[in-house]
Amino acid sequence: LVRLRQRLAGSQSGLGRGLLALLSRDRLDEDTWESIEDTLLTADVGVAPTQELVEKLRTRLRVEGGEDARAVLREELLTLVDAGMDRRLQVSGAEGRPGVVLVVGVNGSGKTTTVGKVSRILVAEDRTVVLGAADTFRAAAVEQLATWGERVGVDVVRGAEGTDPASVAFEAVKEGLDTGADTVIVDTAGRLQNKAGLMDELGKVKRVIEKQAPVTEVLLVLDATTGQNGLIQARVFSEVVDVTGIVLTKLDGSAKGGIVVQVQRELGVPVKLVGLGEGADDLAPFDPGAFVDALLG
Ligand code: GDP
């Protein structure tokens with residue numbers, strides 16, 4: 001976790017440090033405030049949140065003076081990432097049935113990798129896990145999940161290429177029930193070409209699962225480096241299925257952490273996990289305090 005924090009700090013600290021440097025200038029003139037806005041916008045904080053934050057900073061620093069700029073900035077950034085949201089993963093079922101985690105998102109966002117990493121975390125917590133490879137349109141995705149299954153030591157239920165995704169999801173949950181697993185994680189296909197098709201498909205997958213066990217979490221996986229496109233995708237998915245948590249991947253490579261703010265506002269659900277690399281351990285709970293501290297360096 002320390003290593004992950006360092007990596008996050010390394011890639012994101014430009015934002016916070018840049019802001020602090022600007023805020024600690026002797027005179028906060030209009031040029032400085034504009035630079036602060038640019039810094040926030042460049043980090044993908046978004047127009048409305050940027051304006052709100054700058055407004056608050058201006059007011060507070062006028063009243064409280066510049067000395068506590070760091071503390072004020074920390075507090076306002078925490079408010080911006082909505083530090084109070086419940087970010088626990090809901091992975092437990094009830095009455096002898098497994099909890100089911102549905103993982104959705106466009107192809108390439110890091111869905112399959114995230115399923116692998118989450119299963120690893122759950123296994124490390126002594127939970128028994130079954131994976132369902134319901135992205136049946138891409139043979140490579142099924143293979144990739146199977147490889148994760150071997151690596152983590154969990155069963156992967158898969159169908160032949162082109163099998164109905166819902167039937168794979170059904171079989172995975174059935175195996176979870178039969179074996180008394182704690183959690184079933186279902187990887188889905190992420191073809192966005194056709195919203196109605198996606199809606200039909202994910203709707204059916206969800207209905208079929210719920211015949212057997214509760215869907216306790218719907219995780220939307222988003223690539224943090226895709227900016228506005230990612231937000232548009234998020235909107236489409238949230239219209240298709242009730243998203244309960246966001247996984248922001250590839251936060252290691254860019255200083256675009258501000259997207260956390262935008263996507264939470266857009267969907268009204270918390271970022272629960274962040275992906276910080278391609279490796280098996282490179283997934284961490286999203287911790288607003290640690291995130292903001294990393295920003296501030
Ligand atoms: P899917 O198509 O949504 O299932 O995406 P994949 O899980 O296949 O991931 C697409 C690519 O992104 C792969 O090369 C992954 O290794 C990579 N990837 C996934 N998560 C992360 C992350 O958090 N950081 C980085 N740097 N790469 C990631």
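In this predicted model, the axes of helix 4 and helix 11 come within 10 Å and cross at roughly 135°. That angle makes helix 4 oblique to helix 11, since only angles over 145 degrees count as roughly antiparallel. The crossing of the two helices is right-handed. On the side of helix 4, the contact is formed by Arg70, Leu73, Arg74, Leu77 and Leu78, which meet Pro288, Gly289, Val292, Asp293, Leu295 and Leu296 of helix 11. Sorted by class, the residues of this contact comprise 7 nonpolar, 1 polar and 3 charged.

Helix 4 also packs against helix 3, which spans residues 47-64; here the angle is about 150° and the axes lie 10 Å apart. Helix 3 and helix 4 are therefore roughly antiparallel to each other. Helix 3 passes helix 4 in a right-handed crossing. From helix 3, the residues Pro49, Leu53, Lys56, Leu57, Arg60, Leu61 and Glu64 take part, and they meet Ala69, Val72, Leu73, Glu75, Glu76, Leu77, Thr79 and Leu80 of helix 4. The contact of helix 3 with helix 4 contains 9 nonpolar, 1 polar and 5 charged residues. Leu73 and Leu77 of helix 4 appear in the contact with helix 3 and also in the contact with helix 11.

The discussion now turns to enclosed space. How many cavities of 30 Å³ or more does the model contain? The count comes to 2. The largest cavity has a volume of about 60 Å³. Its lining consists of Leu15, Val45, Leu77, Leu80, Val81, Gly257, Gly258, Val261, Phe291 and Leu295. Helix 4 (69-80) and helix 11 (288-296) are the elements that give two or more residues to this lining. Leu77 and Leu295 thus line the largest cavity and also belong to the contact of helix 4 with helix 11. By class, the lining of the largest cavity has 8 nonpolar and 2 polar residues, and no charged ones.

The second largest cavity holds about 30 Å³ of space. The residues that line this cavity are Leu222, Asp223, Ala224, Thr226, Gly227, Gly230, Leu231 and Ile259. Strand 5 (215-223) and helix 9 (227-240) each supply at least two residues of the lining, and helix 9 gives the most, with 3 residues. The lining of the second largest cavity divides into 4 nonpolar, 3 polar and 1 charged residues.

Helix 9 has a packing partner in helix 8, residues 195-210. The two helices pack at an angle of about 50°, with their axes 9 Å apart. That makes helix 8 oblique to helix 9. Helix 8 passes helix 9 in a right-handed crossing. The contact joins Lys195, Leu198, Met199 and Leu202 of helix 8 to Val236, Phe237, Glu239 and Val240 of helix 9. Of the residues in this contact, 6 are nonpolar and 2 are charged, with no polar ones.

Open pockets complete the picture. The largest pocket has a volume of about 270 Å³. It is lined by 16 residues, of which Gly108, Ser109, Gly110, Thr113 and Lys250 are the closest to its centre. Which element gives the most to this lining? Helix 5, residues 111-124, does so with 5 residues. The lining of the largest pocket has no nonpolar residues, but 11 polar and 5 charged ones.

The second largest pocket contains about 210 Å³ of space. Around this pocket lie Arg87, Arg88, Leu89, Val91, Val118, Ile121, Leu122, Glu125, Arg127, Lys272, Leu273 and Pro285. The elements that give two or more residues to the lining are helix 5 and strand 7 (271-275). The largest share, 3 residues, comes from helix 5, the helix that also gives the most to the lining of the largest pocket. By class, the second largest pocket is lined by 7 nonpolar, no polar and 5 charged residues, whereas the lining of the largest pocket has 11 polar residues and no nonpolar ones.

How values were computed. Residues numbered from 1 in each chain as written. Predicted model: local features only at pLDDT ≥ 70, side-chain atom pairs only at ≥ 80, totals over all residues. Heavy atoms only, no water. 1 Å grid on protein atoms, 1.4 Å probe; cavity = no way out; pocket = protein on both sides within 12 Å on 5 of 7 lines; lining within 4 Å. Points joined across faces, edges and corners; volume = space filled by probe spheres on them. Helix = DSSP H or I, 4+ residues; strand = E, 2+ residues; numbered from the N terminus. Nonpolar A, V, L, I, M, F, W, Y, C, P; charged D, E, K, R; others polar. Axes fitted to C-alpha atoms, helices over the stretch in contact; angles between N-to-C directions. Parallel < 35°, antiparallel > 145°, perpendicular 65-115°, else oblique. Left-handed = near helix turned anticlockwise from the far one by under 90°. Contact = heavy atoms within 4.5 Å.
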